[in-house]
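This report goes through the fold first and then through a few individual residues. The sequence and structure come next.

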Amino acid sequence: MALAEEAEETEPSPISMVIFGSMEAGPTKSFAAVGMKRAIGGGLAQSGFRLLLKAGGSREDTRVHKPHGTTYKAESQSMLGYEWRIGDTFLAVYAGSDAESEQRIGPFCSCVSTRYGARLQGDLWMTPAEGMMLQASAYASSINGRLWGRVAHGWQTPMGFYLGPELEAYRERDYSKLRLGLHLTGLRLLGVEWRLSGGWQTTSDRPSEAYGTLGLHWLR
């Protein structure tokens, strides 16, 4: 009995939280974000409710032509959702609040605005075949009617990480962006899983240009 009780006391707790972050850079814009996903009443390996929190900021040129001006943005999301898990496959749906503040600095004026809205988000990760992965994420926000989606497919390399193409699209009001590139997902280094991606993007208001992103996941 004593040995059984001791084994129960020393049994490690299930992983219940993942901390994630991302950074991206381009000729006219830089962006960084950090967030967390936490299982409510259990571990991440089982289906259940999730709490998702995220905050980020960006800096970009306000106008294409000189004087460009500078626009700073800060955003945050707080969402609750449910995640279904079967083995390594999971599908999650979230809903919650979306907020953004914006400051535009130009040669003649500086203006600040804040917007609030609702956000619906979905995430999918699956391995449809051995050595193959499929990841898809999308959200819709009531702020400026924003729509975003990303799909990535990849094949596992002998080093353990996945390599393949990615497609990303974004739209709000009269602005749109489309990206096509390559990603490296699942690189384990310093106890953290990393994702690197890069390629070419086209937008409705600027010439086509290169992009690069860096992401990380840290299970706790």
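How many strands make up the closed barrel, and with which pairing? The barrel is closed and has 12 strands, in the order β1-β2-β3-β4-β5-β6-β7-β8-β9-β10-β11-β12, with antiparallel pairing. Neighbouring strands of this sheet are turned against each other by 15° on average, direction ignored. For such angles, axes are lines fitted to C-alpha atoms (for helices over the stretch in contact), and values run from 0 to 180 degrees between N-to-C directions.

This is a predicted model, in which local features need pLDDT of at least 70 and side-chain atom pairs count only at pLDDT 80 or more, while totals for chains, interfaces and linings use all residues. Residues are numbered from 1 along each chain as its sequence is written, and side-chain values use heavy atoms, with hydrogens and water left out.

**Strand pairs**

Strands are DSSP runs (E, at least two residues; helices are H or I, at least four), numbered from the N terminus. Two strands pair if DSSP finds at least two bridges between them. Strands of a sheet pair through backbone hydrogen bonds, either parallel or antiparallel. The table gives three of the pairs, with one bridge from each.

| Pair | Sense | Bridges | Example of bridge partners |
|---|---|---|---|
| β5 and β6 | antiparallel | 16 bridges | Ser97 and Ala118 in β6 |
| β6 and β7 | antiparallel | eight bridges | Trp125 and Gln135 in β7 |
| β7 and β8 | antiparallel | 10 bridges | Ser137 and Arg150 in β8 |

Strand β5 covers residues 89-105 and strand β6 residues 110-126; the two form a hairpin with four residues between them. The hairpin of β6 and β7 has five residues between the strands, and Gly131 there takes a positive phi near 75°. Strand β7 spans residues 132-141, and strand β8 spans residues 146-156.

**Ser137**

Ser137 lies in strand β7. Is Ser137 buried or exposed? Ser137 counts as buried, because its relative accessibility is 17% (buried is under 20% relative accessible area, exposed over 50%, partly exposed in between, with a 1.4 Å probe and protein chains only). Leaving out residues up to four places away in sequence, Ser137 touches Gly122, Asp123, Trp148, Gly149 and Arg150; contact means heavy atoms within 4.5 Å. The side chains of Ser137 and Asp123 are joined by a polar contact of 2.9 Å. A polar contact is a pair of N or O atoms within 3.5 Å; within protein, one must be able to donate a hydrogen and the other to accept it, and residues adjacent in sequence count only if both atoms are side-chain atoms. Between Ser137 and Thr28 the C-alpha distance is 25 Å, with their positions 109 residues apart in sequence.

**Gln201**

Gln201 is found in strand β11, residues 192-203. Gln201 is buried, because its relative accessible area is 7%. Which side chain makes a polar contact with the side chain of Gln201? The side chain of Arg179 does, at 2.7 Å. Apart from neighbours within four places in sequence, Gln201 is in contact with residues including Lys177, Leu178, Ser208 and Tyr211. Gln201 and Gly26 are 175 residues apart in sequence, and their C-alpha atoms are 9.8 Å apart.

**Arg50**

Arg50 has its place in strand β3, residues 48-61. Arg50 counts as buried, because its relative accessibility is 2%. A polar atom of the Arg50 side chain lies 3.4 Å from the backbone oxygen of Gly48. Not counting residues up to four places away in sequence, Arg50 touches several residues, among them Lys37, Arg38, Met79, Glu83, Arg85 and Tyr94.
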